[in-house]
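Q: I'd like a close look at the largest pocket in this one, please. Start with the residues around it, then work outward to whatever the same parts of the chain are doing elsewhere.

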Amino acid sequence: MSEYVQVSTATPTKEGAVALAGFAVKARLAAGAQIIGPVTSVFWHLAEYGTGQEYKVLPTTTTDRYAELEAHLVAHHPWDNPELIALPITAGSTRALEWTRDSVSPLQG
């Protein structure tokens, strides 16, 4: 199992995406996050086919911190049942992975 994951979710607005990413990074649950958008989504929702524009939020964290990140994202997300998925990072530069680990390590106090 990978020690690191990139999480994927989406929000209806750019401002919401920036806020969601900011909450996660400030809480040290994600080392950083990229926001991509607008993107076009095609989906089934409430038994209906739909399309729409969204902003993709891609925070990076460790597997140890994923459960806390997921709970945090759900609590701050504008949607009642947001899609949250985590993809394993199977390779990356040593320095980037160390930065991710160090950034999400709880502060010692």
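A: Let's start with the chemistry of the wall: the lining of the largest pocket divides into seven nonpolar, four polar and four charged residues. Keep in mind that this is a predicted model. The pocket has a volume of about 440 Å³. In total 15 residues line it, and those closest to its centre are Phe 43, Glu 54, Trp 79, Asn 81 and Glu 83. As for who builds the wall, strand 1 (4-11), strand 2 (32-45) and strand 3 (48-62) are the elements that each give two or more residues to the lining. Strand 2 has the largest share, with six residues.

Strand 2 deserves a second look, then. Pro 38 lies in this strand, and the peptide bond leading into Pro 38 from Gly 37 is cis, with omega near 0°. For background, most peptide bonds are trans, and most residues other than glycine have a negative phi. The loops on either side of strand 2 bring up that second point. In the loop between helix 1 (14-26) and strand 2 sits Arg 28, a non-glycine residue with a positive phi, near 65°. Arg 28 is partly exposed, at a relative accessible area of 25%. The loop between strand 2 and strand 3 holds Leu 46, where phi is again positive, about 55°, although the residue is not a glycine. Leu 46 is exposed, with a relative accessible area of 70%.

Now follow strand 1 away from the pocket. Together with helix 1 and helix 2 (63-76), strand 1 supplies at least two residues to the largest nonpolar core. The ten residues of that core are Val 5, Val 7, Leu 20, Ala 24, Leu 29, Ala 30, Tyr 66, Leu 69, Leu 73 and Leu 84. Helix 2 contributes the most, three residues. Ala 24 is a handy place to see how the core is put together: beyond its neighbours within four places in sequence, Ala 24 is in contact with Leu 29, Ala 30, Leu 69, His 72 and Leu 73. Of these partners, Leu 29, Ala 30, Leu 69 and Leu 73 are also listed in the core.

Helix 2 also gives us a long-range link. Thr 63 belongs to helix 2, and the C-alpha atoms of Thr 63 and Gln 6 are 9.5 Å apart although 57 residues separate them along the chain. Thr 63 counts as partly exposed, at 22% relative accessibility; the buried class takes in values under 20%.

One more stop is helix 3, since two of the pocket's strands turn up there too. Its buried residues are Leu 97, Thr 100, Ser 103 and Val 104, in a helix that runs over residues 94-104. Looking down the axis of helix 3, you find these buried residues within an arc of 130°, so they line one face of the helix. The general reasoning is simple: an α-helix has 3.6 residues a turn, so residues three or four places apart point the same way. On the other side of helix 3, Thr 94 and Arg 95 are exposed. What covers the buried residues of helix 3 includes strand 1, strand 3 and helix 2. Strand 1 and strand 3 thus bring us back to where we began, as both give two or more residues to the pocket lining.

Notes
Residues numbered from 1 in each chain as written. Predicted model: local features only at pLDDT ≥ 70, side-chain atom pairs only at ≥ 80, totals over all residues. Heavy atoms only, no water. 1 Å grid on protein atoms, 1.4 Å probe; cavity = no way out; pocket = protein on both sides within 12 Å on 5 of 7 lines; lining within 4 Å. Points joined across faces, edges and corners; volume = space filled by probe spheres on them. Helix = DSSP H or I, 4+ residues; strand = E, 2+ residues; numbered from the N terminus. Nonpolar A, V, L, I, M, F, W, Y, C, P; charged D, E, K, R; others polar. Buried < 20%, exposed > 50% of the residue type's maximum accessible area, 1.4 Å probe, protein only. Arc of directions from axis to C-beta. Contact = heavy atoms within 4.5 Å. Core = buried A, V, L, I, M, F, W, Y, C linked by side-chain atoms within 4.5 Å.
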